[in-house]
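Visitor: I am new to this structure and would be grateful for a close look at one part of it. Please begin with a single charged group and a ring, and then place them among their surroundings.

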Amino acid sequence: MSIDRVFTKDNLDSYLKELGKEFRKRNGTKMPAEIILVGGAAILANYGFREMTYDIDAVITASSAMKEAINAVGDKYQLPNRWLNADFKNTNSYSPKLRQYSKHYHTYSNVLHIRTVSAEYLLAMKLMSGRLYKKDLSDVVGILYEQEKAGQSLDYEKIDKALKELYGGWDGISDYLKKLLMTALSSENLAELFEQQMKEEDISRQILLHAEQKDTKAVTESSAEDIIRKALAKKNFNSGL
């Protein structure tokens, strides 16, 4: 995607508004649609620490007219194919209980209801995803930081409850992620920890880029974390990769 086609807080709302109009044209008002924003889109909708995301992950409940509406908005604004998609349902951070712990965000054209995930449940989803080379870990720290600034701090008990309600417990959460969470919960400077995590994610992406340059088939979703950890253990990463 070109740099002017990333999604920001401002254009996210604009595209969703257009989607509501296009869906109403094709579907009328008798059968409303519901979209639950997750991932980076949910971060953009609820917080200010993330500037952009490259696609919109969502749980979509709608008639077949929604696909046509999504394509129409994509064509109109030259957005990439599948700019809004439900692929998230095939990941390990999906839970059928998400709607129960989501909240209303906006309604467009009286027919498209947009919801987002509440704070501790969004954080639990980020922990479950936990990719070192994406924004998952900095999002965990960012959520904690903005909740703290808003006077609505999250504690271990709330996060533990969210993980149990969505996923049945902590299975699937690595020791590394648990340690990061505990460090963040006890940190007196979450802003500094956030910046540190952003730098570490950038290093992880550099490592994967270096691995791809050596062997285009080396990096897969399942191999990425192992490649990163081996490189970090050897300390063979720097800006000259």
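Guide: In this predicted model, Arg 229 lies over the face of Tyr 176, with a distance of 4.7 Å to the ring centre. A suitable next step is the helix α9, which runs over residues 224-234. Its buried residues are Ala 224, Ile 228 and Ala 231. Around the axis they take up an arc of only 70 degrees, and therefore they lie on the same side of α9. As a general point, an α-helix has 3.6 residues a turn, so residues three or four places apart point the same way. The opposite face of α9, turned away from the buried side, bears the exposed residues Lys 230, Ala 233 and Lys 234. The buried residues of α9, for their part, pack against α8.

From here the view may be widened to the core. The largest nonpolar core holds 48 residues, and within it Leu 123, Leu 127, Leu 144 and Ile 159 touch the most other members. At least two residues of this core come from each of α2 (39-46), α4 (119-129), α5 (136-149), α6 (156-167), α7 (175-186), α8 (190-214) and α9 (224-234). The greatest contribution is that of α4, which gives eight residues. A further core lies apart from this one; it has 27 residues, including Leu 16, Leu 37, Ala 69 and Leu 79. In soluble globular proteins, nonpolar side chains tend to be buried together.

Ile 159 shows the largest core from the inside. With residues up to four places away in sequence left out, Ile 159 touches Leu 123, Leu 127, Leu 144 and Leu 154, as well as Trp 170, Leu 181 and Leu 185.

Helix α6 also contains Glu 165. The side chain of Glu 165 has a polar contact, at 2.8 Å, with the side chain of Lys 161. Beyond its neighbours within four places in sequence, Glu 165 is in contact with Lys 97, Tyr 101 and Tyr 121. Glu 165 and Ile 143 stand 22 residues apart along the chain, and 19 Å separates their C-alpha atoms.

The aromatic rings may be considered next. When rings are paired by centres within 6.5 Å, the count comes to nine aromatic pairs. In one of them, Phe 7 and Trp 83 have ring centres 6.0 Å apart and planes at 25 degrees, so this pair is stacked. The pair joins distant parts of the chain, 76 residues apart: Phe 7 belongs to the segment before α1 (9-27), and Trp 83 to the loop between α3 (65-76) and β3 (84-85). Phe 7 is buried, at a relative accessible area of 0%, and Trp 83 is buried as well, at 1% relative accessibility. Together with Tyr 15 and Tyr 77, Phe 7 and Trp 83 make up one aromatic cluster.

The strand β3 provides the last stop, for Asn 85 lies in it. Asn 85 counts as buried because its relative accessibility is 5%, whereas the cut-off is under 20%. Its side chain reaches the backbone oxygen of Arg 82 at 3.2 Å. Apart from neighbours within four places in sequence, Asn 85 is in contact with Asp 55, Ile 56, Asp 57, Ala 58 and Ile 60.

Definitions and conventions: Residues numbered from 1 in each chain as written. Predicted model: local features only at pLDDT ≥ 70, side-chain atom pairs only at ≥ 80, totals over all residues. Heavy atoms only, no water. Core = buried A, V, L, I, M, F, W, Y, C linked by side-chain atoms within 4.5 Å. Buried < 20%, exposed > 50% of the residue type's maximum accessible area, 1.4 Å probe, protein only. Helix = DSSP H or I, 4+ residues; strand = E, 2+ residues; numbered from the N terminus. Contact = heavy atoms within 4.5 Å. Polar contact = N/O pair within 3.5 Å; in protein donor to acceptor, adjacent residues only side chain to side chain. Arc of directions from axis to C-beta. Phe/Tyr/Trp six-rings, centres within 6.5 Å; stacked < 30°, edge-to-face > 60°. Lys NZ or Arg CZ within 6 Å of the ring centre and 35° of its normal.
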